[in-house]
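Dear colleague,

I am handing over the structure below, together with a short account of what was found in it. Please read the notes with the coordinates open beside you.

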Amino acid sequence: MPWKTFEVCLGRLPVEVDIHFSGYSEPWLHPECTRMVLSGHAAQHRIAVFTTATGMRPEDVPQLARIPFKRFSVHLPDADGLMRDPIDDRYLSTLAALRDAEIRNIEFFSVGPPHPDVLAVIDDVVDTRLLTSRAGNLPNLDVFGLVTVGLSVGHRRNPSSPIVCRKDRIFRNVLLPSGHVALCCMDYGLEHVLGNLLESDYDSLHRSEQFLRVLNESTVGGNNILCGRCEYAVAGTYRWE
């Protein structure tokens with residue numbers, strides 16, 4: 001994402017909108033990610049980070065430590081090679097800097113047993129095996145003998161009854177480098193693009209044809225939208241004014 005795009009889109013966000021540096025890829029593969037995080041904080045937005053720390057540098061960490069993050073989640077390499085990011089000296093130095101920086105609300109986790117080189121630096125890694133199919137974008141996910149099938153959510157509820165997102169992700173939209181905004185972090189297929197922040201204001205995203213389609217389809221089970229295949233869908237009704 002060009003810096004100018006980020007700057008324009010940031011200026012169109014109401015201050016009460018939180019900014020999460022996550023989405024469909026690793027945030028710190030962007031060379032100006034730390035600058036973007038600092039700018040979002042300077043604009044008085046609450047900030048969360050979901051990162052593998054790949055691309056982050058040790059010198060980034062002291063700048064980040066000044067921010068009162070609502071959450072700073074670091075996904076670390078595991079011993080089974082599911083996360084394939086390279087473990088080199090710079091990466092381990094960055095982890096050591098994160099460990100020592102006393103960043104507010106930081107957490108370290110891996111999907112499966114943590115990699116031994118990581119454990120030598122971070123000794124409080126949480127081993128988690130909670131996986132999702134990204135609303136069916138990964139249709140048959142089999143890891144450690146656990147199988148997650150996107151359509152399995154249909155077995156847990158009436159497929160014609162109203163649904164809602166239990167994480168309220170329909171308001172946690174994803175900004176793309178083009179300025180386009182997708183529905184949520186599960187929408188890897190870009191099925192529901194709500195609009196473009198370079199061309200319109202923030203409120204228009206939630207009046208768009210695609211957003212209203214999601215709301216309307218949710219009242220009849222969501223079988224024709226992404227939400228109907230999502231593990232986060234539960235029985236309920238959106239209250240929208």
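Two strands count as paired here if DSSP finds at least two bridges between them, and the strands themselves are DSSP runs of E at least two residues long, numbered from the N terminus. With that in hand, Phe50 stands opposite Ser73 in β3. Please keep in mind throughout that this is a predicted model.

The strands on either side of that contact are β2, which covers residues 47–51, and β3, which covers residues 71–75; they pair in the parallel sense over four bridges. Strand β3 also pairs with β4 (residues 106–111), again in the parallel sense and over four bridges, and there the bridge partner of Ser73 is Glu107 in β4. Between β3 and β4 the chain passes through helix α4, residues 89–100, in a β-α-β crossover that is right-handed.

Does the length of α4 agree or disagree with what its residue count leads one to expect? The helix has twelve residues, which at 1.5 Å a residue should span 16 Å, and because its end C-alpha atoms are 17 Å apart, the two values agree. Within α4, the residues Tyr91, Thr94, Leu95, Ala96 and Leu98 are buried, and the elements that cover these buried residues include α3 (61–64), β3, β4 and α5 (116–119). As general background, an α-helix has 3.6 residues a turn, so residues three or four places apart point the same way. Just after α4, Glu102 takes a positive phi of about 55 degrees, which you may wish to look at in the backbone.

Further along the chain there is an open sheet of three strands in the order β9-β10-β11, with antiparallel pairing. Its edge strands, each of which pairs on one side only, are β9 (174–175) and β11 (193–196). Strand β9 is joined by two bridges to β10, residues 180–182, and these two strands run antiparallel; Leu175 has Val181 in β10 as its bridge partner.

Finally, on enclosed space, the structure holds one cavity of 30 Å³ or more, and about 100 Å³ of space lies in the largest cavity. That cavity is lined by 13 residues, of which the closest to its centre are Cys165, Arg169, Cys184, Cys227 and Cys230.

With best wishes

Key. Residues are numbered from 1 along each chain as its sequence is written. This is a predicted model: local features need pLDDT of at least 70, side-chain atom pairs count only at pLDDT 80 or more; totals for chains, interfaces and linings use all residues. Side-chain values use heavy atoms; hydrogens and water are left out. A crossover is right-handed if, with the strands pointing away from the viewer, the path from the first strand over the helix to the second runs clockwise. The expected span of a helix is 1.5 Å times one less than its number of residues. Buried means under 20% relative accessible area, exposed over 50%, partly exposed in between (1.4 Å probe, protein chains only). Contact means heavy atoms within 4.5 Å. On a 1 Å grid over the protein atoms alone, a cavity is a set of points where a 1.4 Å probe fits but cannot get out, and a pocket is an open set with protein on both sides within 12 Å along at least five of seven lines; lining residues have an atom within 4 Å of a point. Grid points are joined across faces, edges and corners, and a volume is the space filled by probe spheres set on the points.
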